[in-house]
Amino acid sequence: MLVPPGFHAVTPYLVVDGAARLIDFLVQGLGGREELRHVDGGCIAHAQVRLGDSMLMLCDATAAWPAMPCSLYLYVDDADAAMARALAAGATRVMEVGDKPYGDRQGGVRDPAGNVWWLSQRLVDGPY
């Protein structure tokens, strides 16, 4: 099986209303790095944003491919700082940051496209 460098066997692909705005949020709010953007007729047909060691693909919704929000789990170095950064970039808090019984310090936000991001700082070195 061939997987492109920098990708994993499973790569999230978001179909959203307002892909350009979401890319801005991913970069400013979650510390991502835009790596690719293909525009077709003013619509983002395909884009790629790197978050840590993972790639995220996304595009603007169309009549054939309507928007479909999802939930994503993002490991971060500091959950409190990640929450503050995401809120400053336009996210809405869905869960306060707090220590969880499974060993993560975690909070949740909804991005401008309606996706939920679980910002999770692992507190223990080991499995769940």
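**Before the views.** A residue is called buried when its relative accessible area is under 20%, exposed when that area is over 50%, and partly exposed in between. Keep those words in mind as we visit this predicted model view by view.

**View 1. The stretch that UniProt lists as a domain.** An unreviewed UniProt entry lists residues 6–122 as "domain: VOC". Over residues 6–122, strand makes up 47% of the chain and helix makes up 19%. If you find the C-alpha atoms at the two ends of this stretch, you will see that they are 22 Å apart.

**View 2. Two cysteines without a bond.** How many disulfides does the structure hold? The count is zero. Cys43 shows why: its sulfur is 7.7 Å from the closest cysteine sulfur, in Cys59, and that is too far for a bond. A disulfide here would need the two sulfur atoms to be within 2.5 Å. Seen from the other side, Cys59 is in no disulfide either, and its nearest cysteine sulfur is that of Cys43. Are these two cysteines buried or exposed? Cys43 is partly exposed because its relative accessible area is 24%, while Cys59 has 10% and so counts as buried.

**View 3. The largest pocket.** This view turns to an open space in the model. The largest pocket holds about 510 Å³ of space. Its lining is made by 25 residues, and Leu51, Gly52, Tyr73, Leu74 and Tyr75 lie nearest the centre. Sorted by class, the lining has 15 nonpolar residues, six polar ones and four charged ones.

**View 4. The elements around that pocket.** Which helices and strands each supply at least two residues of the lining? They are helix H1 (19–30), strand S4 (54–60), strand S5 (71–75), helix H2 (79–88) and strand S8 (116–122). The largest share comes from S5, which gives four residues to the lining of the largest pocket.

**View 5. The largest nonpolar core.** In soluble globular proteins, nonpolar side chains tend to be buried together. Here, the largest nonpolar core has 27 residues. Leu22, Phe25, Leu26, Leu30, Leu58, Trp117 and Leu119 are the ones with the most contacts inside this core. Two or more residues come from each of strand S1 (13–16), H1, strand S3 (43–51), S4, S5, H2 and S8. Which element gives the most? That is H1, with six residues in the core.

**View 6. Arg21, on helix H1.** Arg21 lies in helix H1. Its relative accessibility is 53%, so Arg21 counts as exposed. Now look across to Tyr73, which is 52 residues away from Arg21 in sequence. In space, the two are 20 Å apart, C-alpha to C-alpha. You have already met Tyr73 among the residues that lie nearest the centre of the largest pocket.

**View 7. Arg33, on strand S2.** Strand S2 covers residues 33–40, and Arg33 lies in it. With a relative accessible area of 48%, Arg33 is partly exposed. Gly52 is 19 residues from Arg33 along the chain, and their C-alpha atoms are separated by 8.8 Å. Gly52 is another familiar name from the pocket, as one of the residues nearest its centre.

**View 8. Arg122, on strand S8.** Arg122 is found in strand S8. Is Arg122 buried or exposed? The answer falls in between: at 23% relative accessibility, Arg122 counts as partly exposed. Follow the chain to Gln106, 16 residues from Arg122, and you will find the two C-alpha atoms separated by 8.4 Å.

How values were computed. Residues numbered from 1 in each chain as written. Predicted model: local features only at pLDDT ≥ 70, side-chain atom pairs only at ≥ 80, totals over all residues. Heavy atoms only, no water. UniProt positions renumbered as here; feature names shortened; annotations may be inferred. Buried < 20%, exposed > 50% of the residue type's maximum accessible area, 1.4 Å probe, protein only. 1 Å grid on protein atoms, 1.4 Å probe; cavity = no way out; pocket = protein on both sides within 12 Å on 5 of 7 lines; lining within 4 Å. Points joined across faces, edges and corners; volume = space filled by probe spheres on them. Nonpolar A, V, L, I, M, F, W, Y, C, P; charged D, E, K, R; others polar. Core = buried A, V, L, I, M, F, W, Y, C linked by side-chain atoms within 4.5 Å.
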